[in-house]
Amino acid sequence: MIKKKEFKKPVKKDAEVVVKKAPPSIAPVRGMRDILPAENPWWDMVRAKCREIAVAYGFEHIDTPVLEETALFVRGVGKYTDIVEKELYSFETLGGSKLTLRPEGTAGVMRAYISNGMVNLPQPVKLWYEGAMFRHDRPQHGRYRQFYQFGCEVIGEDDAVTDAQLILISHIILKELGIKATININSIGTPEVRTNYRNALISFFRGYRAKLSEEDKKRLLRNPMRLLDSKDPAMLEIRAEAPQIVDWLDETSKMHFMRVLEYLDESNVPYQLDPYLVRGLDYYTGTVFEIFPEQEPVAPGMPEEAGPIALGGGGRYDGLAEILGGRPTPAVGFSLGLDRVVSHLKTLGVRPEKFPREVFVAQLGEQGRKKALAIFEELRKAGVSAGEAFSKDSIRVQMDVANRLGAKFAIVIGQKEVLDGTALIRDMDSGTQEIVDASKIVQEIKKKLEHQV
Ligand code: AMP
């Protein structure tokens, strides 16, 4: 055996000493991860369902850049939000541009609506997006620094039916994937309502200043509504006595909210009113909601008090277009956290369908391999899903792969079959084999597959 020390011995090369050292391995960035082929069938299933429902409801696909001007998020999401204060991945380019990796999708979609003059299209404009988002948050269960969202936005419409329909869509997507979801909902009214409510909150929480953490004292000054989001048990107790925004709503906001709830009742979407739901982002107006699994199973190794985690959220953001330099434009949207949806489906034991390989194309010898390549493509064009292991020589190894893929038949082409213009069809269950004319192989296989069902 070679001892480590001997192995690492410097190799003398002329007068120079060369030390061979393996370069250190590189891990993914903290809070970010690889989504491997073993997990991707769940992701594909979730993405396909999101697209299917969005398209059925008349949404069109939009992709916006992952990088935007930092100002978009500072103005759009809000200066005094957790996202902007603590979680942005921002940097300055060599050319001096201040850029940020998008922490969410809505601000970019609204920016695209304005920059591309979509205001001139028939309104409302209904868009869906899907992609990676980045937040420099503390990584924990269900919280990553790179995560994925699917979202739908309806821009240019203020009717309450739109708010309800978006909630319904998020609910349907989850339901058809196998997740029973419930909605927490609230209305945070107009900016004027919020100014009055903020003042009421400040007076209320001032009475409890001594009990507030330093962080919460800062929040009280800058963005008192964020105190309602707090998970701190002491704060939860104080919060129970705090004024509730519903009592401050103006008549129009109240009527709008009532209509949203009526539509939800009509659509049988389960919801509960949550007076403390204000959402962390500044751009919301009126309806705000979050989507939770009906019974959140506690993930293995997680303490029960970890609590349910939201699968998605959204709301109305009538003020955003103007903040970003556009005309006043009502809008509403939601996003689903795909990492959490996938993880929840796995906890529930939902399994994605496997792509079945009905046939396996096996070959022997160089001529056989060449013919097999052509037959594989003929099968694919004819809509027969086939498997192969063209780089393998051994027929036994190829049959092992065929079994692993669950193929019902194998087509075997060797030197002899190439010369005769034939192919062998092997029934993988019974082991019986049949010689067929190579030019009719696709028809023969299709016939056999039809007889199977
Ligand atoms: P938000 O608009 O911040 O509520 O985000 C919408 C949804 O995205 C949340 O309900 C989560 O499902 C998901 N989400 C937000 N932040 C993260 C994160 N750091 N990691 C994983 N999923 C997230």
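Two strands count as paired if DSSP finds at least two bridges between them. The legends below use this term for a predicted model.

**View 1. The open sheet of five strands, with mixed pairing.** The strands follow one another in the order β15-β14-β16-β17-β18. At the edges stand β15 (386-388) and β18 (433-437), each of which pairs on one side only. From one strand to the next, the twist averages 30°. Within this sheet, β14 (residues 359-363) and β16 (residues 409-413) are paired in the parallel sense, with five bridges between them. One position to locate is Gln363, whose bridge partner in β16 is Ile413.

**View 2. Helices α14 and α16 on the sheet of five strands.** Helix α14 (residues 395-405) packs on the sheet and touches β14, β15, β16 and β17 (422-427). The direction of α14 makes about 170° with that of β14. Helix α16 (residues 441-452) also packs on the sheet, where β14, β16, β17 and β18 are the strands touched. For α16 the angle is given against β16, and the two directions make about 160°. Strands β14, β16 and β17 are thus listed for α14, and β14, β16 and β17 are listed for α16 as well.

**View 3. The open sheet of three strands, with antiparallel pairing.** The order is β4-β6-β5. β4 (67-69) and β5 (89-92) are the edge strands; each has a single partner strand, so one side of each is left without a neighbour in the sheet. The twist from one strand to the next averages 35°. In general, the strands of a sheet pair through backbone hydrogen bonds, in either the parallel or the antiparallel sense.

**View 4. The two strand pairs that involve β6.** Strand β6 (residues 98-101) runs antiparallel to β4 and is joined to β4 by three bridges. In this pair, Leu67 has Leu101 of β6 as its bridge partner. Four bridges join β6 to β5, again with the strands antiparallel. Here Ser90 stands opposite Thr100 of β6. The hairpin of β5 and β6 has five residues between the strands, and Gly96 takes a positive phi near 90° there.

**View 5. The shell of 13 residues around the ligand.** Arg135, Tyr144, Gln149, Arg279 and Ala310 are the closest of these residues. By class, the shell holds four nonpolar, five polar and four charged residues. Two strands, β8 (146-155) and β13 (331-337), each contribute at least two residues to the shell.

**View 6. Backbone atoms of Gly142, Ala310 and Leu311 beside the ligand.** At Gly142, a backbone N or O atom lies 3.5 Å from a nitrogen atom of the ligand. A polar backbone atom of Ala310 is 3.0 Å from a ligand oxygen atom. For Leu311, a polar backbone atom is 3.2 Å from an oxygen atom of the ligand. On its own the ligand has 480 Å² of accessible area, and the protein covers 93% of this.

**View 7. Backbone geometry at Pro124 and Asn268.** The peptide bond that joins Gln123 and Pro124 is cis, with omega of about 0°. Pro124 belongs to the loop between α5 (106-115) and β7 (125-134). Asn268 is not a glycine, yet has a positive phi of about 60°. The loop that holds Asn268 lies between α10 (251-266) and β10 (271-273).

Methods:
Residues numbered from 1 in each chain as written. Predicted model: local features only at pLDDT ≥ 70, side-chain atom pairs only at ≥ 80, totals over all residues. Heavy atoms only, no water. Near = heavy atom within 4 Å. Polar contact = N/O pair within 3.5 Å; in protein donor to acceptor, adjacent residues only side chain to side chain. Areas by Shrake-Rupley, 256 points an atom, 1.4 Å probe, with all protein chains shown as cover. Nonpolar A, V, L, I, M, F, W, Y, C, P; charged D, E, K, R; others polar. Axes fitted to C-alpha atoms, helices over the stretch in contact; angles between N-to-C directions. Contact = heavy atoms within 4.5 Å.
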